[in-house]
Amino acid sequence: MSTNHHKENYTSGNKVSVILSFRNEEDVLPELIKRLRQTLISEKIKKVIAAYELVFVNDVSTDRSLEILLSELQNHKDIKIINMSRNFGVSPCVLAGMKYATGNILVYMDADLQDPPELIPEMLNAYKKMGVDVVHTQRTSRDGESKIKLAITKLGYSILKKVSTIDIAPNIGDFKLLSRRAADHLIQLKEHRPFIRGLINWIGFKQTTIKYKREKRFAGETKFSIFSAKVIGNFFNSALISFSDMPLKLISLVGFLVSMGAFAYSIWVMINKFLGHNIPGWSALMVAILFLGGLNLLAMGILGLYINSIFIETKRRLNFIVESTFGFDKNNQANANN
């Protein structure tokens, strides 16, 4: 799609699908829906878009979230609901939303209102004027987050930037606009631990970034503590392992250097023995055994991460299973299930 073609087709019946993966957000949903509607209806009145839909992907909530959405659906046709069969996590839910969404412009965002819906018009403007397929949003500040979390997040982005095969800019999260063709290419990727931020960069196409100030969570508590097993596992399994072989190269280099050191030490020992010097051996032997044993375990652990990733991928299981949907027409459901 050329830039000119992109601009010419922008105003001809554009429909925006906003995709929101959530779990237990009953305290946030009414305000979220209100602000999304105000923003998108305003864009519709200004004829920036022709239509919109709000696609809520319910990752098996146990509170009143589904009840709230079903109540909204009775009076408003802009609400679409996808219920997952079990808790799959954010990335698979986002991909499910993209698959079922009917818009030719897709925006996906968190449902906690840390990312302001009022930024969507600016994203649409960048999409229209620059002729891009992806609009990223970059946080210039992050209200309500501890210094420890910010420091660890900064370290994580720094590591990814240095060792990854793709360029992942810091402070770019899960609030993006995608063209339909970018979303379709993303859906076709069958990775079972998808790191969507990385995959969007990997698919290419013309992309741009706009900046914003991230707000505090509107209500409730975060589902992603920085020290949680889910967050740490996602970093290693989905982000680092999927886009870098640097850990394997690093452990190979360390193994080579240790081997060279051991070889040099062996020569030194033989020379001293030949010269008749007495070499105390127990302490040095224990240090060598413990050091090499720890190195071997580290190497096995890194290899294990990659082997486990291969094991997961070769199973070819589905990324997600949809239990039920509400608000979609039958033709759309049939197309999504194909």
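Helices here are DSSP runs of H or I with at least four residues, numbered from the N terminus. Under that convention, Glu122 belongs to helix 5. The model is a predicted one, and its protein chain contains 12 helices and eight strands. Of the 338 residues in the chain, 43% are buried. Among contacts with a separation of 6 or more, 83% are between residues 24 or more positions apart.

Helix 5 is a convenient place to start. The helix spans residues 120-130 and packs against helix 2, residues 29-45, at an angle of about 40°, the two axes being 10 Å apart. On the helix 2 side the contact is made by Leu36, Thr39, Leu40 and Glu43, and on the helix 5 side by Ile120, Pro121 and Leu124. Sorted by class, this contact comprises five nonpolar residues, one polar and one charged. The spacing of such positions follows a general rule: an α-helix has 3.6 residues a turn, so residues three or four places apart point the same way.

Glu122, also in helix 5, counts as partly exposed because its relative accessible area is 40%, and the class in between runs from 20% to 50%. Its C-alpha atom is 9.8 Å from that of Val135, which is 13 residues away along the chain.

Two other residues of the helix lead to the interior. The largest nonpolar core has 36 residues, and those touching the most other members are Val16, Val18, Leu32, Leu54, Phe56, Ile120 and Met123. At least two core residues come from each of strand 1 (15-22), helix 2, strand 2 (51-58), helix 3 (65-75), strand 3 (79-84), strand 4 (105-110), helix 5 and strand 7 (207-214). A second core, separate from this one, has 27 residues, including Ile19, Val57, Ala101 and Val134. In soluble globular proteins, nonpolar side chains tend to be buried together. Leaving aside residues up to four places away in sequence, Met123 touches Val107, Val135, Thr137, Phe175, Lys176, Leu177 and Ile210.

Several of the strands that supply the core are paired with one another. Strand 1 and strand 2 run parallel and are joined by eight bridges; in one of these pairings, Lys15 has Ala51 of strand 2 as its bridge partner. The chain passes from strand 1 through helix 2 to strand 2 in a right-handed β-α-β crossover. Strand 2 also pairs with strand 3, again in the parallel sense, over five bridges, and Val55 stands opposite Lys80 of strand 3. Helix 3 lies between these two strands in a β-α-β unit that is likewise right-handed. Seven of the eight residues of strand 2 are buried, so the strand is mostly covered.

The contacts of Met123 included Lys176 and Leu177, and both residues belong to strand 6, residues 176-179. Strand 6 is covered on both faces, with Lys176 and Leu178 buried on one side and Leu177 and Ser179 buried on the other. That arrangement follows the general pattern for strands: in a regular strand the side chains alternate between the two faces of the sheet. Strand 6 runs antiparallel to strand 4, to which four bridges join it, and Val107 has Leu177 as its bridge partner in strand 6.

Strand 5 covers residues 134-142 and contains Thr140. Apart from residues up to four places away in sequence, Thr140 touches Lys211, Tyr212 and Lys213. Its C-alpha atom lies 7.6 Å from that of Asn171, 31 residues away in sequence.

The backbone has some less common torsions to inspect. Most residues other than glycine have a negative phi, and most peptide bonds are trans. Asn24 is not a glycine, yet its phi is positive, near 55°. Asn24 sits in the loop between strand 1 and helix 2 and is partly exposed, with a relative accessible area of 24%. Phe205 likewise has a positive phi, about 70°, without being a glycine. Phe205 is in the loop between helix 8 (196-203) and strand 7, and with 32% relative accessibility it is partly exposed. Gly204, just after helix 8, has a positive phi as well, of about 85°. Within helix 8 itself, the buried residues are Ile196, Gly198, Leu199, Ile200 and Ile203.

Conventions: Residues numbered from 1 in each chain as written. Predicted model: local features only at pLDDT ≥ 70, side-chain atom pairs only at ≥ 80, totals over all residues. Heavy atoms only, no water. Axes fitted to C-alpha atoms, helices over the stretch in contact; angles between N-to-C directions. Contact = heavy atoms within 4.5 Å. Nonpolar A, V, L, I, M, F, W, Y, C, P; charged D, E, K, R; others polar. Core = buried A, V, L, I, M, F, W, Y, C linked by side-chain atoms within 4.5 Å. Buried < 20%, exposed > 50% of the residue type's maximum accessible area, 1.4 Å probe, protein only. Pairing = 2+ DSSP bridges. Right-handed = clockwise from strand over helix to strand, strands pointing away.
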